[in-house]
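Notebook open, coffee poured. I want to look up a few loops, a few helix pairs and the meeting of two chains, and jot down what turns up.

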Amino acid sequence: MPRILLVEDNEMNRDMLSRRLQRRGYEVVLAVDGQEGVELAQSDQPDLILMDMSLPVIDGWEATRALKAAAGTRHIPVIALTAHAMSTDRDKALEAGCDDYDTKPIELQRLLGKMEALLGRALPENSGSQEPT
Amino acid sequence: MNQKPFVEDIETYAQDIVDTVREPLLMLDTNLRVQSANSAFYETFKVSAEETESQLIYELGNGQWDIPDLRTLLEDVIPTSSVFNDFELEHTFPKIGRRVMLLNGRKLRAGSHAAIIVLAMEDVTERRRSEADLRAIETYAQDIVDTVREPLLILDKTLRVQSGNRAFYHTFRVSPEETENRLIYELGNGQWDIPALRTLLEDIVPTSSVFNDFELEHDFPALGRRVMLLNARKLQAGHHGELLVLAMEDVTERRRAEEEVAKAQAASEAANKTKSLFLANMSHELRTPLNAIVGYSEMLQEEAAEHDLRSFSSDLEKINASGRHLLALINDILDLSKIEAGKMEIYLETFDLNALIDDVASTIRPMVERNSNELRIERAIDLGGMRADQVKVRQALYNLLSNAAKFTQDGSITLNADRQLMDGEEWIVFQITDTGIGLNAEKIVRLFQDFTQADASTTRKFGGTGLGLALTRRFCQMMGGDVTVHSVDGEGSTFTIKLPAAVHEPKVEFRGDDHSRATDRRRTPDGTDALPAPSTCVLVIDDDPTQRDLMRRFLAKEGFIARSASNGEEGLRLARELMPIAITLDVMMPGMDGWSVLEALKSDPALREIPVIMITMVDDPERGMALGAADYVTKPVNRARLSSILSRYSCANPPCPILLIDDDAPTRASMRKMLEKQGCRVAEAENGEVALESMKSERPSLIFLDLMMPVMDGLSFADRVRTHPEWRSIPIVVVTSHDLTGEERRRLNGYVETILHKTECTRDELFQQIRDTLTNYAVPRAAAV
């Protein structure tokens with residue numbers, strides 16, 4: 001099952017989202033700040049990263065830039081989680097190299113759709129829809 | 001030859017002349033008896049020859065000629081000097097009323113005849129009357145002039161004072177004696193000898209007969225520092241020749257009041273910003289726990305379903321729904337406060353309308369069906385896409401549909417979407433029609449006001465904050481459209497949203513440079529202050545109304561705000577008033593032609609930097625470039641070419657950034673921080689080459705340049721910028737830590753605007769200088785945070 005790295009400093013958000021993802025069968029790795037997120041991405045090689053933007057130590061934009069600059073993590077898709085419809089945050093996230101974004105509060109179905117789209121692109125062998133029916 | 005007939009001929013001839021003269025004449029013998037009179041006399045006094053001839057003059061009429069003064073003239077003056085002139089006689093004549101007569105007397109000797117006295121009369125009654133009228137008018141005019149509370153000076157052509165009014169003498173504490181017949185510049189110890197006034201009187205006045213509201217600030221010895229508004233009119237005043245009326249209005253207090261208003265406004269804006277910042281923070285604080293409530297209740301619902309705990313599900317659903325409702329309300333309040341604070345952003349993207357409508361319909365359908373309503377979707381076949389803020393369009397539709405669902409029971413709700421052509425532009429029109437309770441006229445009026453629902457009982461019955469419609473309307477207006485409503489009480493309502501199919505980038509207003517410009521700004525003729533120009537304003541100067549209209553439409557389509565002037569003078573005035581980002585200038589115009597306008601623009605330090613695009617029939621780019629035009633386009637205008645030229649002078653994402661070029665990262669960081677505090681957008685480059693590359697994608701409004709840099713140094717960079725036609729008008733400020741050599745100074749001369757020395761002053765002083773530079777170049781800034 002795909003491994004997801006969730007980088008989120010808010011404990012309740014982290015807890016909620018990770019439990020809901022786990023229930024849907026994802027393996028979830030947790031990081032509480034941008035620095036830890038970058039390190040875990042390198043060591044654990046997740047299939048996808050969910051990145052909060054306002055993070056301590058280094059923020060989500062900088063962490064994403066670091067991930068996209070490093071050969072070992074460049075290929076991992078990153079979904080930015082930004083606050084309620086702040087278009088500047090959204091633009092900044094895409095500029096920093098995020099592959100997609102979603103707004104908080106999380107609407108799980110919408111987020112899952114975006115995750116699956118990226119996982120399907122990044123990991124075609126896992127998608128299971130490759131075979132013609 | 002017989003002499004007699006010859007003499008008779010002459011006498012007849014003389015009598016003919018006498019009768020032809022239109023002035024009454026009396027011929028008297030030396031005894032003062034009337035020998036004869038001419039026809040004019042009889043006609044004038046309406047008397048006959050019989051009543052007149054052989055009579056003593058004093059007995060004529062009712063003795064009307066028996067006047068002591070006339071007696072003296074006839075009896076004393078004539079015998080000795082044979083002549084008297086212009087004796088004025090005012091008398092009520094029996095048949096013709098009161099008259100003023102001017103009498104002239106001559107004693108003549110005609111050959112062998114006895115001497116006669118010719119008395120000529122001129123009726124000057126009318127002339128005297130009009131002279132009296134004129135005197136009355138002059139007194140009247142002087143009275144008016146004296147009543148006016150503004151000081152007035154009346155100058156002759158040589159700028160000497162003819163007179164001043166009472167207000168003038170009073171205001172400037174001078175006497176008429178010290179004032180009249182003196183040159184204006186000599187008045188009151190030369191207090192009027194002001195360069196600006198000299199320019200006005202000697203350069204402006206001779207070429208135009210009027211000028212309005214020339215603002216003069218001067219330290220008058222008698223009054224202290226005052227701001228005067230001068231108005232002048234040239235008058236042709238009969239025998240006085242050409243006069244100049246100079247009216248002065250002391251606006252010192254008004255200006256002070258205006259400054260105070262501006263200060264108060266700035267303070268209230270600051271307070272408002274604090275409020276919205278507070279709200280933004282506050283709502284973030286409110287949302288975090290709410291997110292937890294919504295999220296965990298949702299999770300628990302899922303878990304309850306998995307564990308088959310159905311009795312928990314409905315309660316968890318209530319917690320979840322209430323949490324969502326509260327979240328929606330907080331979001332509405334935040335949105336509204338953002339709009340009020342001018343912080344709501346428009347994020348334009350191109351999207352497919354069908355997909356949007358499907359999405360909105362699926363979201364709203366459960367709510368519509370809750371009140372047993374039917375949802376109908378009607379859309380034009382060619383609906384296609386639109387360019388707008390998708391989130392706001394969705395929210396607007398959602399708000400109107402959820403209102404319709406709320407106020408309708410057992411009916412239908414229809415969403416109709418159409419693409420329409422209006423005024424040459426494409427619009428997207430959404431109509432949301434319901435068969436619900438409807439609205440009466442009074443309710444419609446209050447409908448779009450913030451926090452107002454149709455009536456208080458509505459809130460109790462239907463819930464909601466009353467913010468939805470207000471927000472919807474503000475969103476639509478921000479995108480250049482609007483919402484309207486048509487409703488019949490009890491029969492339902494139709495809400496119509498009209499939006500441009502391609503919403504223009506929102507204009508950004510800058511207030512930062514307002515203060516510095518307020519003092520030297522001329523006022524417009526109608527007395528309104530010039531508005532700060534939006535960063536997308538282009539001025540079109542063209543005498544042809546069709547061409548102006550075409551340009552205006554074209555520019556509007558390209559996202560610019562076009563203002564136009566029909567001649568050179570108006571163009572120059574508007575350029576000063578609007579400070580547009582570019583000017584398109586027609587060459588062939590009557591009066592002041594395009595070349596003269598261009599020269600005037602380029603010789604005015606305030607306007608010099610505005611790029612001018614010459615629109616010309618003849619392909620003569622050299623002349624335009626030599627005079628300082630930024631570019632030229634030949635007629636008929638090729639739109640694609642004009643569009644590409646204009647895009648170079650506007651930035652896609654205003655305000656245009658300030659470019660910081662310095663190889664030292666900490667220096668860049670501290671300057672960036674300071675500039676951002678000033679509300680500036682900042683771009684950075686570590687050397688000249690990187691800077692040139694970044695300028696290709698975004699034209700900065702101002703450049704701060706370090707000289708000592710690797711790869712490409714500051715001097716070479718300045719060279720490159722100054723030889724580049726699109727960039728040469730960007731002001732460059734050199735910030736350097738070393739002393740410049742003569743050669744370096746020579747190379748920089750004319751290239752850079754200011755040189756700031758890092759080492760000669762403290763960091764704070766340097767930053768202050770940089771802040772001053774921002775003001776000088778009126779760098780567009782968002783409000784400082």
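**Entry 1: a loop residue.** I began with Asp410(B), which is exposed, with 10 other C-beta atoms within 10 Å. My rule for this: a residue is buried if 20 or more other C-beta atoms lie within 10 Å of its own, exposed if 12 or fewer, and partly exposed in between, with C-beta atoms placed from the backbone. Asp410(B) sits in the loop between α13 (390-406) and β14 (412-422) of chain B. I also checked a pair: the C-alpha atoms of Asp410(B) and Thr435(B) are 8.7 Å apart, with their positions 25 residues apart along the chain.

**Entry 2: ground rules.** A note to myself before going on: this is a predicted model, where local features need pLDDT of at least 70 and side-chain atom pairs count only at pLDDT 80 or more, while totals for chains, interfaces and linings use all residues. Residues are numbered from 1 along each chain as its sequence is written, and chains are lettered from A and ligands numbered from 1 in the order in which they are written. Helices (H or I, at least four residues) and strands (E, at least two) are DSSP runs, numbered from the N terminus.

**Entry 3: the two chains.** I counted elements next. Chain A has 6 helices and 5 strands, and from its N terminus the order is β-α-β-α-β-α-β-α-β-α-α. Chain B has 27 helices and 27 strands. Of the 133 residues in chain A, 35% are buried; for the 785 residues of chain B the figure is 26%. I call two residues in contact if their C-beta atoms, placed from the backbone, lie within 7 Å. Among contacts with a separation of 6 or more, residues 24 or more positions apart account for 56% in chain A and 57% in chain B.

**Entry 4: where A meets B.** How many residues does each chain bring to the contact? I find 13 from chain A and 12 from chain B. On the chain A side, α1 (11-23) and α4 (87-96) each supply at least two residues, and the largest share, 5 residues, comes from α1(A). That side of chain A divides into 5 nonpolar, 5 polar and 3 charged residues. For the classes, Ala, Val, Leu, Ile, Met, Phe, Trp, Tyr, Cys and Pro count as nonpolar, Asp, Glu, Lys and Arg as charged, and the others, Gly among them, as polar.

**Entry 5: α19 and α20 of chain B.** The axes of α19 (residues 568-578) and α20 (residues 594-603) of chain B come within 10 Å and cross at roughly 25°. That makes α19(B) roughly parallel to α20(B), a label for angles under 35 degrees (over 145 is roughly antiparallel, 65 to 115 roughly perpendicular, the rest oblique). Axes here are lines fitted to C-alpha atoms, for helices over the stretch in contact, and angles run from 0 to 180 degrees between N-to-C directions. The crossing of α19(B) and α20(B) is right-handed. From α19(B), Gly568(B), Gly571(B), Leu572(B) and Ala575(B) meet Ser596(B), Val597(B), Ala600(B) and Leu601(B) of α20(B). I sort the residues of this contact into 5 nonpolar, 3 polar and no charged.

**Entry 6: α13 and α16 of chain B.** Back to the helix before Asp410(B): α13(B) packs against α16 (residues 468-478) of chain B at about 145°, with the axes 9 Å apart. Among the residues of α13(B) in this contact are Lys392(B), Ala396(B) and Leu400(B), and among those of α16(B) are Leu469(B), Thr472(B) and Phe475(B). The contact divides into 6 nonpolar, 5 polar and 1 charged.

**Entry 7: a helix in the open.** Is α5(B) largely in the open or buried? Of its 23 residues, the number buried is 0, so α5(B) lies largely in the open.

**Entry 8: three more loop residues.** Met709(B), in the loop between β25 (702-705) and α25 (714-722) of chain B, counts as buried, with 23 C-beta neighbours inside 10 Å. Leaving out residues up to four places away in sequence, Met709(B) touches Asp663(B), Asn687(B), Gly688(B) and Gly714(B). Ser54(B) is not a glycine, yet has a positive phi of about 70°; with 11 C-beta neighbours inside 10 Å, Ser54(B) counts as exposed. Asp308(B), in the loop between α10 (252-306) and α11 (310-340) of chain B, has a positive phi near 60° and is exposed, with 8 other C-beta atoms within 10 Å.

Key
A crossing is left-handed if the near helix is turned anticlockwise from the far one by less than a right angle, and right-handed if clockwise.
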